[in-house]
Amino acid sequence: MSVPTTLRYTAHDEWVRQEGDLLVIGITHFAQDALGDIVHVELPEVGDTFAAGAAVAEVESTKATAEIYTPVSGEIVEINEALDGSEELVNTDPYAGGWMFKIRPSDSAGLDSLMDPAAYATKIGA
Amino acid sequence: MAKRTPLFDRHVAAGARIVEFGGFDMPVWYSSLVDEHRCVRQAVGLFDVSHMGEIRVRGPGALAALEWLVSNTVTDMAHGQARYALLCNDRGGVVDDLIVYRVSDDDFLVCVNASNREKDFAWFTANNPRTDATITDEGDLWGQIAIQGPASELVLASLTPSDLGTIAYYHHAPGTVAGIPGCIIARTGYTGSPGFEVFVPADQASALWDALMKAGEPHGIKPIGLGARDTLRMEARMPLYGHELSDDISPTMAKLTRVCKFEKPGSFLGAAAILARKEAGTDTKVLAGALIDGKRVVRDGTRVLKDGVDVGWVTSGTRSPILEKGICMLYVEAGLDAPGTVLQFDLRGSLETGTVVSGAFVKKSAA
């Protein structure tokens with residue numbers, strides 16, 4: 001199971017990509033594989049603000065529900081509307097088409113706790 | 001360490017994701033739960049259900065022993081018939097739900113849930129009223145493979161000289177399948193689609209699995225994991241022990257008194273406690289089914305409200321791969337189980353609405 005080297009990762013199996021001053025967040029291949037067929041993604045609304053560590057979204061598979069947490073405090077500036085109707089993108093394209101939300105961090109606290117690809121690969125035994 | 005069925009190596013070879021269930025390492029899905037689910041509804045699927053337990057009851061006193069131990073009548077069963085029944089405890093709760101297969105006058109095979117194998121065998125042994133009834137745990141002697149779906153009969157028929165047309169629903173017959181003698185072919189299942197369950201000597205289970213997979217190839221057969229087994233039974237609204245049934249939930253609550261023959265001669269173990277609970281009126285909740293309006297999925301344990309008041313809890317829930325809607329089974333206050341009743345479901349603080357419906361979510365179609 002390959003771990004993209006351009007991303008950073010959380011302990012809850014989210015990936016984080018820096019995009020200008022925004023962070024793009026989704027779930028890893030490992031996470032989608034464990035959840036199975038995704039049937040719904042409950043996304044936040046643009047403009048919602050969250051504290052670091054808060055549950056921001058929910059991913060529902062036929063078998064389980066998983067909460068998606070933000071590693072930083074901030075405001076949601078964009079959500080992946082395509083996931084409403086094309087939930088399977090989280091399974092088929094977790095690192096690109098399956099992205100979930102973009103958040104504008106209000107401070108950088110929390111970024112230090114992210115894992116680099118090597119650490120994440122070790123965590124999931126890849 | 002969890003036990004393995006005789007088919008464990010087949011699951012690993014097929015790339016299954018393995019989870020522990022009922023004390024066994026079992027495949028939860030092979031690639032996609034939804035694809036597997038639809039394959040059973042539309043074509044044919046193969047399930048390893050060897051984790052299920054088998055208890056043999058034999059001897060001159062076997063019939064009398066079973067009449068006491070299980071809730072349904074056994075005496076009027078024909079040889080080759082199968083019947084759903086409950087084991088009931090002395091608190092008005094359910095030890096397990098099971099199927100009794102009558103092999104002959106004094107020989108019965110009882111199929112019980114994997115998670116209850118040891119509990120049930122101990123219960124049977126401890127409460128056996130007859131010294132001339134021999135109770136044996138045959139769980140490790142049998143493999144069990146379910147073949148379910150509209151094409152299941154065609155596939156199975158191609159591998160057996162038995163005339164499957166003579167085996168009616170909830171009936172069974174001894175037979176040879178794929179050249180393996182000593183099998184029991186039963187027209188039973190846990191999917192809401194037509195199909196069979198084949199009991200096979202454990203050391204022949206892999207050979208039977210391989211033969212069925214090969215014979216099913218032209219029909220698009222797939223191996224089906226426990227995940228789809230669960231969503232299929234939910235669509236068919238079949239109870240699962242540990243969810244809709246438990247040591248504390250009464251058959252009255254579960255609306256299963258049709259399989260409790262209180263009036264049979266000598267009645268049955270636990271009958272008095274069920275009737276006493278009914279008399280006392282303490283069981284105010286009953287089993288219902290609901291369709292969920294939104295896209296979120298309610299699951300086991302979700303609280304159910306009516307106009308802000310706590311009225312029950314969900315026992316099983318998923319998104320139906322066929323209806324593409326949320327479905328669930330739940331216990332609610334009697335009266336709120338009437339079709340059309342609108343209920344609220346507390347999903348981590350936000351409320352989703354759902355509507356009570358009667359009967360199976362997906363109706364059984366003919367083969």
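**Group meeting talk: a two-chain predicted model**

Let me start with a single residue: A:Y69 lies in strand β7 of chain A, the strand that runs over residues 65–69. I should say at once that what we are looking at is a predicted model. With 18 other C-beta atoms within 10 Å, A:Y69 is partly exposed, and, once its neighbours within four places in sequence are left aside, its contacts are A:T10, A:H12, A:E14, A:G53, A:A54, A:A55 and A:V56. A:A51, which is 18 residues away from A:Y69 in sequence, sits 9.6 Å from it in space, C-alpha to C-alpha.

From there I move to the place where the two chains meet. On the side of chain B, 13 residues are in contact with nine residues of chain A. Three elements of chain B, namely α2, α7 and β17 (309–319), each supply at least two residues of the side that touches chain A, and the residues of that side divide into five nonpolar, four polar and four charged.

Chain B itself is divided into domain 1, residues 1–283, and domain 2, residues 284–367, and the centres of the two domains, taken over C-alpha atoms, are separated by 26 Å. The contact between them takes 20 residues from domain 1 and 20 residues from domain 2. On the domain 1 side, α2 (33–42) and α7 (226–235) each supply at least two residues, with α2(B) giving the most, four residues. By character, the residues on that side of domain 1 divide into eight nonpolar, four polar and eight charged. So that the overlap is plain, α2 and α7 of chain B are named both for the side of chain B that touches chain A and for the side of domain 1 that touches domain 2.

Since α7(B) appears in both places, how much of this helix is covered? It is mostly covered, with nine of its ten residues buried; these are B:L226, B:G227, B:A228, B:R229, B:D230, B:T231, B:L232, B:M234 and B:E235. The buried residues of α7(B) pack against β2 (17–21), β3 (24–29), α2, β4 (45–48), β17 and β18 (326–333) of chain B.

After α7(B) comes B:R237, whose phi is positive, near 60°, in a residue other than glycine. As background, most residues other than glycine have a negative phi. B:R237 lies in the loop between α7 and α8 (271–280) of chain B, and the loop between α7 and α8 also holds B:K255, which has a positive phi of about 55° although it is not a glycine. As for burial, B:R237 counts as buried because it has 20 C-beta neighbours inside 10 Å, whereas B:K255, with 13 such neighbours, counts as partly exposed.

Turning to the interior, which members of the largest nonpolar core touch the most others? Of its 139 residues, they are B:L66, B:V100, B:I145, B:I147 and B:V198, and this core draws at least three residues from each of domain 1 and domain 2 of chain B. In general, nonpolar side chains in soluble globular proteins tend to be buried together. For B:V100, leaving aside neighbours within four places in sequence, the contacts are B:L66, B:V70, B:V74, B:A82, B:R83, B:A85, B:F108 and B:V110.

B:L66 also brings us to α3(B), where it is one of the buried residues, together with B:A62, B:L63, B:A65, B:E67, B:W68 and B:L69. Seven of the eight residues of α3(B) are buried, and what covers them includes β5, β6 (82–88), β7 (94–104), β8 (107–112) and α4 (117–127) of chain B.

B:G59 has its place in the loop between β5 (53–58) and α3 (62–69) of chain B, and is partly exposed, with 16 other C-beta atoms within 10 Å. Setting aside neighbours within four places in sequence, B:G59 is in contact with B:D106, B:D132, B:A133 and B:T134.

My last stop is α6 of chain B, residues 205–216, whose twelve residues should span 16 Å at 1.5 Å a residue, in agreement with the 16 Å between its end C-alpha atoms. Its buried residues are B:A205, B:L208, B:W209, B:L212 and B:G216. Seen down the axis of α6(B), these buried residues fall within an arc of 100°, and therefore line one face of the helix.

Technical notes
Residues numbered from 1 in each chain as written. Chains lettered and ligands numbered in written order. Predicted model: local features only at pLDDT ≥ 70, side-chain atom pairs only at ≥ 80, totals over all residues. Core = buried A, V, L, I, M, F, W, Y, C linked by C-beta atoms within 7 Å. Buried ≥ 20, exposed ≤ 12 C-beta atoms within 10 Å, placed from the backbone. Domains from an automatic or database assignment. Contact = placed C-beta atoms within 7 Å. Expected span 1.5 Å × (residues − 1). Arc of directions from axis to C-beta. Nonpolar A, V, L, I, M, F, W, Y, C, P; charged D, E, K, R; others polar.
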